[in-house]
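Please look over the sequence and the structure shown below before reading on. The briefing that follows goes through overall form, packing, surface and cysteines in turn.

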Amino acid sequence: MAEIMVVAEHREGELREITLQMLHKAAQLSGERGHQTAVVLLGSGLEGLVDQVRDRTDTVVVYDDSRLEHFDPGLHAEILAALIAQRAPLLTLLGHTPWSMDLAPALAVKTGYPLATDCVDILLEGDRAKAVRQIYNGKIFARMAFRDSAGYLATLRAGAFPAAERARSLAEIVRPALPALSLPATREFLGYEETGKGEVDIAQADLLVSVGRGIGEEDNIAPARELAGLLGGTLSCSRPIVDKRWLPKYHQVGTSGKSVRPKVYLALGISGAFQHVAGLNGTGTIIAVNKDKKAPIFRVAQYGAVTDVPALLTALRTEAAKQS
Ligand SMILES: Cc1cc2nc3c(=O)[nH]c(=O)nc-3n(C[C@H](O)[C@H](O)[C@H](O)COP(=O)(O)OP(=O)(O)OC[C@H]3O[C@@H](n4cnc5c(N)ncnc54)[C@H](O)[C@@H]3O)c2cc1C
């Protein structure tokens with residue numbers, strides 16, 4: 001029986017959603033193959049986080065030390081490499097996040113294990129792992145084999161899996177001593193800065209009318225805002241709209257914007273790039289409007305219309321005004 005290990009990610013005492021998504025994938029693979037799962041927590045003052053994961057895995061490995069209070073990829077890689085050498089997990093999962101983009105390559109070098117990044121799925125065939133990744137801007141899913149190895153590393157894309165259920169009995173908790181650290185801390189922590197504080201909080205909205213590059217021109221922001229108001233919703237957008245300075249940053253949905261969970265998300269002229277869709281995890285119903293029937297947003301939408309957004313905006317606004 002092999003082990004599938006998840007490297008937990010957390011910030012300011014909160015477990016990041018990606019950790020629960022990785023635990024879902026780990027539980028799925030372990031269920032299929034009869035493997036064990038373990039989650040590794042590194043940080044300081046971790047007891048609250050241990051409670052959040054201990055009924056979703058078989059083992060929780062905890063390194064609770066003031067030197068680990070702030071993420072330092074050098075220190076984390078050293079500790080994880082020692083742990084991997086000791087536990088020899090078949091597969092180690094990390095999030096495809098800025099945090100792990102710093103950590104995973106160093107870990108691959110230290111362990112000698114092959115690494116696949118930005119995976120939307122992982123398959124195990126016996127002791128061989130395969131990674132599923134998107135190529136050509138999300139239009140094609142490619143299945144890629146790792147080279148033969150005793151263990152594999154993969155970073156998983158946020159939003160590719162649902163959060164793990166609290167379905168298990170309580171995990172065994174292991175608290176190994178920190179290995180002797182050869183590296184000094186390489187980073188100085190200055191503080192956290194939240195993105196997107198502003199007049200509206202899209203993260204709290206039940207209904208979002210969200211505009212992307214497909215709205216065509218800045219003049220179409222006003223009718224979209226009006227439509228959102230008439231529907232009792234809030235206006236949000238994709239990143240190009242912020243880059244063009246048509247809306248402030250606090251309207252942006254996605255990995256470098258905000259994560260939202262509205263009951264209804266109306267995506268107007270948004271292609272559905274993964275950086276955008278990753279911010280929609282937990283959204284109720286997604287309705288997409290796009291002139292390209294092959295746009296990736298239709299893969300995640302429950303309802304869709306293939307039509308011209310500016311024309312539809314005018315029609316919807318007229319209809320909503322009649323109803324109000
Ligand atoms: C590190 C990094 C972080 C990022 N973070 C984010 C993020 O947080 N949020 C985010 O949104 N993006 C983010 N991005 C950018 C992301 O990769 C995409 O480029 C972006 O989401 C695309 O926005 P879009 O869908 O509005 O535009 P496009 O991808 O250009 O799509 C426009 C869509 O509109 C459709 N369209 C065009 N004209 C019409 C019409 N007349 N009627 C109907 N449909 C029409 C097109 O068919 C197309 O599907 C990030 C990128 C990087 C590299």
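**Overall form and make-up**

For a protein of 324 residues, a compact globule would be expected to have a radius of gyration near 20 Å, and the value of 22 Å found for the protein agrees with that expectation. The model is a predicted one, and the values below are computed from it.

*Dimensions and secondary structure*
- Taken along the principal axes, the C-alpha trace of the protein extends over about 65 × 40 × 35 Å.
- The secondary structure of the protein consists of nine helices together with 17 strands.

*Packing*
- Of the 324 residues in the protein, 46% are buried.
- Among contacts in the protein with a separation of 6 or more, 64% are made by residues that lie 24 or more positions apart.

*Surface and charge*
- The exposed area of the protein comes to about 15700 Å², and 48% of that area is supplied by carbon and sulfur atoms.
- The protein carries 36 positive and 37 negative charges, and the mean positions of these two groups are 6 Å apart.

*Cysteines*
- When pairs of cysteine sulfur atoms within 2.5 Å are taken as disulfides, the count comes to zero.
- Cysteine 119 has a relative accessibility of 0%, and because buried means under 20%, cysteine 119 counts as buried.
- Cysteine 237 likewise has 0% relative accessibility, and therefore cysteine 237 also counts as buried.

Definitions and conventions:
Residues are numbered from 1 along each chain as its sequence is written. This is a predicted model: local features need pLDDT of at least 70, side-chain atom pairs count only at pLDDT 80 or more; totals for chains, interfaces and linings use all residues. Side-chain values use heavy atoms; hydrogens and water are left out. Helices (H or I, at least four residues) and strands (E, at least two) are DSSP runs, numbered from the N terminus. The radius of gyration is taken over C-alpha atoms; the globule rule is 2.2 Å times the number of residues to the power 0.38. Buried means under 20% relative accessible area, exposed over 50%, partly exposed in between (1.4 Å probe, protein chains only). Contact means heavy atoms within 4.5 Å. Accessible areas come from the Shrake-Rupley method with a 1.4 Å probe; for residues, only the protein chains shown count as cover. Lys and Arg count as positive and Asp and Glu as negative; His and the chain ends are not counted. The place of a charge is taken as NZ of Lys, CZ of Arg, CG of Asp or CD of Glu.
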